[in-house]
Amino acid sequence: MNNNIKKSEKNQQTKNNILQKCTSKKLKNPKFTSYIAPFISKTVKERCESCGDLTIFLADFEMKNKKLHKASFCGNRFCPMCSWRMSCKDSLKISILMEHLRKEENKEFIFLTLTAPNVKEDKLEEEIKHYNKSFKKLMGRKEVKSIVKGYIRKLEVTYNSDMSSKSYDTYHPHFHVVIAVNKTYFKKSDLYINQQRWLELWQEATGNSSITQVDVRKSKSNNLKEVYELAKYSAKDTDYLVSRPVFNVFYRALKGKQFIVFSGLFKDANTMYENGELDCYKVRDEIEYVYMMCYQWKKREYENTSIRELTEEERKQFNKDLLDVIEVD
């Protein structure tokens, strides 16, 4: 099935529950703003508190399909609402960059997940810095450098709160990486790096022989699940909103860190994407929108405060628009 068709179907399926998704994220806002308050100014706190208070949707004639048109977002990377919307935008961008490099540069891709043993809270920031240095060493190795034509690297940190586990109350930083390679990479034995060798290379780069595994696989051309894995949240709100102490650890360790990095052909393609040069890979929204609906946050739910028909000019402006997100959970 064509990638564009699959992306269109994914968006179609989520249009019916977009308001519910906004609601579920907005319900986490009081806890989020309470936890982040000590680290930000009063003005920023007020902006975070009001994030998503007003949302404007476009709806079709039967009001079965809705699209988020505008909202009062705060833009904070730890905000549950804003981190979700950023993940939706990243999913589309990454899928398009890969599609462009596959078609125009004749590349294929490797998905690589690099991990190490969990660490305690006082070691998390240091471990992230060590990961960055180790990854640079890995990419600088001759056998790796010779096959990598570009990569996207995404940092993710998870929290383990399972009291039955030996790694209880620990943090797990890891990298999700997509690597662009020539098609000959999978055919020439002198170029191919198998899973065991990737493990050895990562152990050497980190100086940590206790690492027992890395995950590496060839990308399937129509598998958007891999893209979602790469584009998903760098930290899940279900992790960092567990408690105030846990949030403090996440915030201090991740504040100012670069979550996603583009290199080589991916960096070039990302510049083209931002300049609108890859819009040919985006799909048009085939839903015919006829209403604009405004929702205001009232205590624990969104209340529809107004609804009106789009003017003829607005219909021309808002319909058949290019989709700029892939809706993800």
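1. Start with helix H5. At 4% relative accessibility, Glu99 counts as buried. Its salt-bridge partner is Lys103, with the closest N and O atoms 3.2 Å apart. Lys103 is exposed, at 53% relative accessibility. Both residues belong to helix H5 (residues 80–104); they are four residues apart, so about one helical turn separates them. This is a predicted model, and each value here should be read in that light.

2. Salt bridges overall. The whole structure contains 22 of them. A pair that spans the sequence is Lys67 with Asp285, at 3.5 Å from N to O. Lys67 sits in strand S2 (residues 66–71), while Asp285 sits in the loop between helix H12 (265–274) and strand S8 (289–298). The two are 218 residues apart in sequence, so the bridge ties together distant positions of the chain. Lys67 is buried at 17% relative accessible area. Asp285 is buried too, at 3%.

3. Asp279 and Lys282. Their side chains also meet in a salt bridge, again with an N to O distance of 3.5 Å. Asp279 is partly exposed, with a relative accessible area of 28%. Lys282 counts as buried at 17%. Elsewhere, shared partners link salt bridges into one network made up of Arg141, Glu143, Arg197, Glu200 and Glu204.

4. Cysteines. Zero disulfides turn up in a search of the whole structure. Which cysteine sulfur is nearest to that of Cys48? The sulfur of Cys74 is, at 4.1 Å, and Cys48 is in no disulfide. A disulfide needs the two sulfur atoms within 2.5 Å, so a separation of 4.1 Å does not qualify. Cys48 is buried, with a relative accessible area of 2%. Cys88 is in no disulfide either; its nearest cysteine sulfur belongs to Cys22, 9.4 Å away. Cys88 is buried at 0% relative accessible area.

5. Aromatic pairs. The structure holds 21. One of them joins Phe135 and Phe175 in an edge-to-face arrangement, 5.5 Å centre to centre with 75 degrees between the planes. This pair links distant parts of the chain: Phe135 is in helix H6 (residues 124–140) and Phe175 in strand S5 (residues 170–182), 40 residues apart. Both rings belong to buried residues.

6. A second edge-to-face pair. Tyr171 and Phe250 lie 5.5 Å apart, centre to centre, with their planes at 70 degrees. Strand S5 holds Tyr171 and helix H11 (residues 244–254) holds Phe250, so the contact ties together parts that are 79 residues apart in sequence. Tyr171 and Phe250 are both buried.

7. The aromatic cluster. Tyr171 and Phe250 are also members of one aromatic cluster. Its other members are Tyr35, Phe39, Phe78, Tyr159, Tyr240, Phe247 and Tyr251.

8. Charges over rings. Which residue lies over the face of Trp84? Arg85 does, at 4.6 Å from the ring centre. Lys218 is placed over the face of Phe186, with 4.6 Å to the ring centre.

9. Points to check in the viewer. Strand S5 deserves a look, as Phe175 and Tyr171 both lie in that strand. Phe175 pairs with Phe135 of helix H6, whereas Tyr171 pairs with Phe250 of helix H11. For the charged contacts, inspect Lys67 and Asp285, then Glu99 and Lys103.

Methods: Residues numbered from 1 in each chain as written. Predicted model: local features only at pLDDT ≥ 70, side-chain atom pairs only at ≥ 80, totals over all residues. Heavy atoms only, no water. Buried < 20%, exposed > 50% of the residue type's maximum accessible area, 1.4 Å probe, protein only. Salt bridge = Lys/Arg side-chain N within 4 Å of Asp/Glu carboxyl O. Phe/Tyr/Trp six-rings, centres within 6.5 Å; stacked < 30°, edge-to-face > 60°. Lys NZ or Arg CZ within 6 Å of the ring centre and 35° of its normal.
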